[in-house]
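Trainee: I am new to this structure. Please pick one part, look at it closely, and then lead me from there to the rest.

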Amino acid sequence: MFERELEDLKKKKLFRMLVSRGSAQAAVISIGGKEYVNFSSNDYLGFANRPEIVNSLKAATERYGFGSGASRLLAGGTDLHRELEREIAEFKTTEASLAFNSGYAANTGIIPALASSGDVIFSDELNHASLIDGCRLSRAKTVVFRHKDVQHLEALIREESAKRRFVVTDSVFSMDGDVAPIGEIHEICQRYYALLYVDDAHGTGVLGGGRGTLSHFNITPGPQTIQMGTFSKALGSFGAFTASSAVINEWLINSARSFIFSTALPACVISASLAAVDLLKRDTKPLKTLWSNREFLTSSLKSLGYDTMGSETPIVPVQVGDITETLRLAEFLWRKGIYAPAIRPPAVRSPRIRLTVSADHTEAQIGMLIDLMQRFRR
Ligand SMILES: *Cc1c(COP(=O)(O)O)cnc(C)c1O
C-alpha cells in the first residue's frame with residue numbers, strides 16, 4: 001500500500017529525498033563531493049560556525065559531558081539552562097523564559113498546555129505546520145483567518161464567545177518571508193482579552209535589531225503575550241524558548257507535555273545558545289550585512305521581473321509557475337552550482353523556489369545567483 005502511495009507521489013512530482021552535506025553549514029556547502037553556493041540555510045547571521053559559539057560548546061562539554069540523562073524535572077537540566085532562561089527573559093523584557101528542545105516541540109507542547117476543548121484558537125491560514133499540529137493536539141476549536149487579514153480576524157473573534165480565546169501566528173512566515181501585522185493583532189488581542197502566541201522562529205536575531213518581532217513593532221510584552229523563538233535559525237544553535245509572564249512559565253513547566261516528557265537539551269547546546277545571544281548583542285555587523293545582502297538580492301530579482309511574493313525579510317520566495325517549471329529552475333541552478341530547492345505542496349499551496357540569504361554570502365555569490373536567474377528568464 002505504501003509503495004503505491006510512494007509511486008503516486010513520484011507521478012505527481014511530490015516525492016522527496018534527503019540531501020546530505022559533507023561539510024559545515026555555510027555559504028558554500030559540499031554535497032556528494034561537489035561544492036554549491038547555499039541559498040537554503042536559516043543560519044542568517046553565519047553564527048553556526050562562529051568560534052565564540054563552537055568554543056563555548058567545547059568548554060561546556062568538558063565540564064558537563066554530553067548527554068543530559070533526564071528531563072528538566074528530574075535534574076536533566078543544569079545551571080546553564082537557568083542562566084540561558086534568565087538571559088532570554090532579560091533580552092525579551094519578560095518576567096520569565098523557558099527552554100524547549102526544538103521549535104516543533106515548543107509549539108506542539110505549549111498550545112495544548114494553554115488551550116483545551118471549550119476554548120477557541122484563531123490561527124493564520126499560513127501558519128507553520130508545528131503551530132497547526134499544536135492546535136490539533138489541543139482539542140480547542142480552531143478558527144482559521146485569512147493570511148494577515150486583521151479585519152477578518154476581528155470579525156471572527158466577535159462571533160466566538162468562548163471564555164478563553166487565543167490568537168496564534170507566525171511573526172515571519174517561513175515559506176513567504178512576509179511579516180504578520182503584529183501591532184494590529186496585538187491591539188485586537190488586548191481589546192478582546194485574547195492571549196497572543198507569536199512564533200518568532202524567523203524574527204529572532206533578524207527583526208527589531210535582533211530582539212525579535214515584538215521589538216520591531218515597539219510592543220512591550222504584557223501578561224497576555226507569549227513569544228516563542230528558536231535558537232536553531234539566526235542564532236546558529238539548536239533548541240527553542242518561550243518568553244512570557246512568570247505565571248505562564250510555571251504553568252508550562254507543570255503542563256507542557258513536550259517539556260515534561262522529553263530529555264533536557266545537553267548543557268553544551270545550551271552553552272552554545274548562550275554564546276549566540278551574547279554574540280548577537282555584541283556584534284551588530286552581521287545583521288547589517290544580512291539586510292544589505294537581502295536588499296541587493298530582492299531589488300535585482302525584481303528588476304529582472306521576478307515575483308518575490310511580498311517578501312519583507314531574508315526569506316525570498318520566487319514564483320515561476322507550476323511544479324514542473326519550479327523543478328526546472330531548481331535543477332538548472334543545481335547544475336550551475338547553486339543549492340536553492342523547490343518548495344512544493346503540501347508545504348506550500350503554490351510551488352516556489354525558496355531563497356534564504358545570509359550575512360555570509362559575498363556579493364559575488366549573490367551576483368552569480370542573479371546572473372543565473374537572468375539566464376533562466378531568457
Ligand atoms: C523552523 C520553524 C519551527 C521549528 O523550529 P525547530 O527548532 O526547527 O524545530 C517552528 N516554527 C517556525 C515558524 C519555523 O520556521
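Mentor: Start at P346, in the loop between β12 and β13. Keep in mind that this is a predicted model. The peptide bond joining P345 and P346 is cis, with an omega of about 10 degrees. That deserves a look, because most peptide bonds are trans.

Now follow the chain out of that loop into β13. This strand covers residues 352–356, and five of the five are buried, so β13 is largely enclosed by the rest of the structure. Check its two faces. R352, R354 and T356 lie on one side, and these residues are buried. I353 and L355 lie on the other side, and they are buried too.

Next, the neighbours of β13. Strand β12, residues 342–343, pairs with β13 in the antiparallel sense over two bridges. There, A342 stands opposite I353. So the loop that holds P346 links β12 to β13, and those two strands also pair, because they share two bridges. Strand β10, residues 315–318, is another antiparallel partner of β13, with four bridges. Find V316 in β10, and you will see it opposite L355 of β13. Such pairing runs through backbone hydrogen bonds.

Compare that with β4. Its residues are 120–124, and five of the five are buried, so this strand too is largely enclosed by the rest of the structure. V120, F122 and D124 point one way, while I121 and S123 point the other way. The pairing of β4 is parallel. With strand β6, residues 165–170, β4 forms four bridges in the parallel sense. S123 of β4 stands opposite V168 of β6. With strand β5, residues 141–145, β4 forms five bridges, also parallel. In that pair, F122 has V143 as its bridge partner. To get from β4 to β5, the chain passes through helix α5, residues 129–138, in a right-handed β-α-β crossover.

A third group of strands is an open sheet of three, in the order β1-β2-β11, with mixed pairing. Its edge strands are β1 (28–31) and β11 (338–339), each paired on one side only. β2, residues 34–38, runs parallel to β11, and two bridges join them. N38 in β2 has Y339 in β11 as its bridge partner. Another residue of β2 is Y36. At 4% relative accessibility, Y36 counts as buried. From Y36 to K12 is a step of 24 residues in sequence, yet their C-alpha atoms are 27 Å apart in space.

Now turn to the ligand. It has 14 residues around it, and G103, Y104, D199, H202 and K233 come nearest. Nine residues of this shell are polar, three are charged and two are nonpolar. Helix α4, residues 103–114, gives the most to the shell, with three residues. Look at the polar contacts to ligand oxygen atoms. A polar backbone atom of G103 is 2.8 Å from one. A polar side-chain atom of S232 is 3.0 Å from one. For K233, a polar side-chain atom lies 2.7 Å from one. Taken alone, the ligand exposes 380 Å², and the protein buries 85% of that.

Three single residues round off the tour. H152 sits in helix α6, residues 150–159. With 17% relative accessibility, H152 counts as buried, because the cut-off is under 20%. A polar atom of its side chain lies 2.9 Å from the backbone nitrogen of R146.

The other two are about backbone angles. Most residues other than glycine have a negative phi. Y193 is not a glycine, but its phi is positive, about 50 degrees. You will find Y193 in the loop between α7 (182–191) and β7 (195–199). Y193 is exposed, with a relative accessible area of 67%. N218 is not a glycine either, and its phi is positive at about 55 degrees. N218 belongs to the loop between α8 (213–216) and β8 (225–230). At 72% relative accessibility, N218 counts as exposed.

Key. Residues are numbered from 1 along each chain as its sequence is written. This is a predicted model: local features need pLDDT of at least 70, side-chain atom pairs count only at pLDDT 80 or more; totals for chains, interfaces and linings use all residues. Side-chain values use heavy atoms; hydrogens and water are left out. Buried means under 20% relative accessible area, exposed over 50%, partly exposed in between (1.4 Å probe, protein chains only). Two strands pair if DSSP finds at least two bridges between them. A crossover is right-handed if, with the strands pointing away from the viewer, the path from the first strand over the helix to the second runs clockwise. A residue is near a molecule or strand if one of its heavy atoms lies within 4 Å of it. A polar contact is a pair of N or O atoms within 3.5 Å; within protein, one must be able to donate a hydrogen and the other to accept it, and residues adjacent in sequence count only if both atoms are side-chain atoms. Accessible areas come from the Shrake-Rupley method with a 1.4 Å probe; for residues, only the protein chains shown count as cover. Ala, Val, Leu, Ile, Met, Phe, Trp, Tyr, Cys and Pro count as nonpolar, Asp, Glu, Lys and Arg as charged, and the others, Gly among them, as polar.
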